[in-house]
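Here are a few exercises to work through with the model open in front of you. Try each task yourself, then read the solution.

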Amino acid sequence: MYQGFFTTMPTATVQDSAPEHHRLAKTNGARNGSIGPAWIPSQVEGVTLRRTTEFSFDSVEEALSAFARGVPVVVMDDERRENEGDIIISASQCSVEAMAWIIKHTSGYICISLPEERLNELEIPMMVPENQERHKTAYTITVDYKHGTTTGISAHDRSLTVRKLVDPTSTASDFSRPGHMVPLRAQNRGVLERRGHTETGVDLCALTNQPLGGVLCELVNDDALGTMARRDDCRSFADRWGLKMISVDMLVQYRIAIESGEYCDTMTDEKNTYRLVYTYRALYTDVATRL
C-alpha cells in the first residue's frame with residue numbers, strides 16, 4: 001500500500017466552488033486507451049529568458065495546478081546528487097504528442113514510476129535481485145502493452161503502455177516482457193522516504209488525485225554532445241515551453257508542512273477570493289471556501 005498520505009482533518013470536496021483553472025483534473029479515458037483534451041506542446045512566443053542571477057523556482061502550488069491539468073513539470077533534484085532535471089507528466093494524461101515531445105527533448109530512456117502494490121498486481125518484478133545502482137533507483141523488468149501496439153518503441157506505443165499501466169482494468173497478461181517502457185518502484189512513503197524523481201512522480205499524482213503513475217525522463221541539452229541539462233538549462237527550457245519548475249526538496253518541504261497540519265493559501269478569480277485548505281487523505285483533496 002502506498003503510504004504517502006494520511007488524514008489530518010475531515011474533508012469535504014467542493015470542487016464546483018473552486019475557480020475553473022484550479023479544479024482537479026477528472027480521471028480521463030485511460031480505460032479504453034484514449035484520453036480527454038490533452039496538453040499539446042507549444043513554445044511560448046516572445047519569451048524573455050532569465051539571466052542566471054535571476055534564477056528562481058515556481059511554487060509547488062503552481063506546479064500542482066499545472067500537473068493536474070495534464071501539463072508536464074520540470075523537477076530538479078539535489079545539486080549534490082544527480083543534479084539533473086526531469087520532465088514529469090501524469091501517466092494517465094500522457095498523450096502521443098506529449099510522449100513524442102518528451103522523447104525529443106530527453107535522453108529517451110523514459111520511465112514510469114509506480115507504487116509497489118501496482119507492480120505486484122501486474123506481476124512486474126525487479127530487474128535484478130541486488131540493486132547496485134548508485135542512487136538505488138528501483139528498476140523493474142521492462143514491459144510493452146500487447147494490444148494495439150506494434151514494436152512498442154513508437155511514441156504511440158509507449159504512451160499507450162504508460163496509460164494502461166495505471167488503468168485499473170489492466171491485468172498482468174496485458175503486458176509483454178521485456179518491452180520498451182521502464183517501470184520504477186517508488187518507495188511507500190514517497191519523497192519523505194527517498195528524495196528521488198521516482199517518488200516525486202507518484203507523489204505529484206497523489207497530490208492531484210490522479211492514478212498513481214508518473215512518466216519521467218532526464219532533460220538533455222540540444223547540443224552536439226547531448227549534455228545533461230543542469231539547473232539554469234532546465235529553467236530556460238521550462239520558460240521556453242511555459243512549464244513550471246520545482247525541486248524535489250521543495251516537494252519534501254511541502255509535504256512536511258501539510259502533514260504537520262493545515263497548509264493554507266488563497267487565490268482569486270474574476271469575482272471571488274478563495275481560501276484553499278490542503279489536507280491529506282488517501283489522496284490529495286482541496287477544499288475551497290468562499291471568503
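The exercises below deal with ring pairs and salt bridges in this predicted model.

**Exercise 1.** Work out how the rings of tryptophan 39 and tryptophan 101 are arranged, and which parts of the chain they tie together.

*Solution.*
- Step 1: Start with the whole structure, where a search turns up seven aromatic pairs.
- Step 2: Now take tryptophan 39 and tryptophan 101, whose ring centres are 4.9 Å apart with 80 degrees between the planes. Planes over 60 degrees apart count as edge-to-face, and that's the label this pair gets.
- Step 3: Find them in the chain. Tryptophan 39 is in the segment before helix 1 (60-68) and tryptophan 101 is in helix 2 (residues 96-105), so the pair ties together parts 62 residues apart in sequence.
- Step 4: Check the surroundings. Tryptophan 39 has a relative accessible area of 13% and is buried; tryptophan 101, at 5%, is buried as well.
- Step 5: Widen the view: ring pairs link Trp39 and Trp101 with Phe237 and Trp241 into a cluster.

**Exercise 2.** Decide whether phenylalanine 55 is buried or partly exposed, do likewise for phenylalanine 57, and find what lies over the face of phenylalanine 55.

*Solution.*
- Step 1: Buried means under 20% relative accessible area. Phenylalanine 55 comes in at 18%, so count that residue as buried.
- Step 2: Phenylalanine 57 has a relative accessibility of 31%, so partly exposed is the right call there.
- Step 3: These two rings pair up too. The centres of phenylalanine 55 and phenylalanine 57 are 4.9 Å apart and the planes sit at 85 degrees, so this is an edge-to-face pair.
- Step 4: Look over the face of phenylalanine 55, and you'll find arginine 231 at 3.9 Å from the ring centre.

**Exercise 3.** Locate the salt bridge between aspartate 58 and arginine 235, and say which parts of the chain it links.

*Solution.*
- Step 1: The search of the whole structure gives nine salt bridges. In one of them, the side chains of aspartate 58 and arginine 235 meet at 3.1 Å, N to O.
- Step 2: Aspartate 58 belongs to the segment before helix 1 and arginine 235 to helix 6 (residues 231-241), so you're looking at a link between distant parts of the chain, 177 residues apart.
- Step 3: Both ends turn out to be buried: aspartate 58 at 11% relative accessibility and arginine 235 at 3%.
- Step 4: For comparison, try arginine 194 and glutamate 199, whose closest N and O atoms are 2.7 Å apart. Arginine 194 and glutamate 199 are buried too.
- Step 5: Finally, go back to the network: salt bridges with shared partners join Asp58, Arg235 and Asp239.

Note on methods: Residues are numbered from 1 along each chain as its sequence is written. This is a predicted model: local features need pLDDT of at least 70, side-chain atom pairs count only at pLDDT 80 or more; totals for chains, interfaces and linings use all residues. Side-chain values use heavy atoms; hydrogens and water are left out. Rings of Phe, Tyr and Trp (its six-membered ring) pair if their centres lie within 6.5 Å; planes under 30 degrees apart count as stacked, over 60 as edge-to-face and the rest as tilted. Helices (H or I, at least four residues) and strands (E, at least two) are DSSP runs, numbered from the N terminus. Buried means under 20% relative accessible area, exposed over 50%, partly exposed in between (1.4 Å probe, protein chains only). A charge sits over a ring if NZ of Lys or CZ of Arg is within 6 Å of the ring centre and within 35 degrees of the ring normal. A salt bridge is a side-chain nitrogen of Lys or Arg within 4 Å of a carboxyl oxygen of Asp or Glu.
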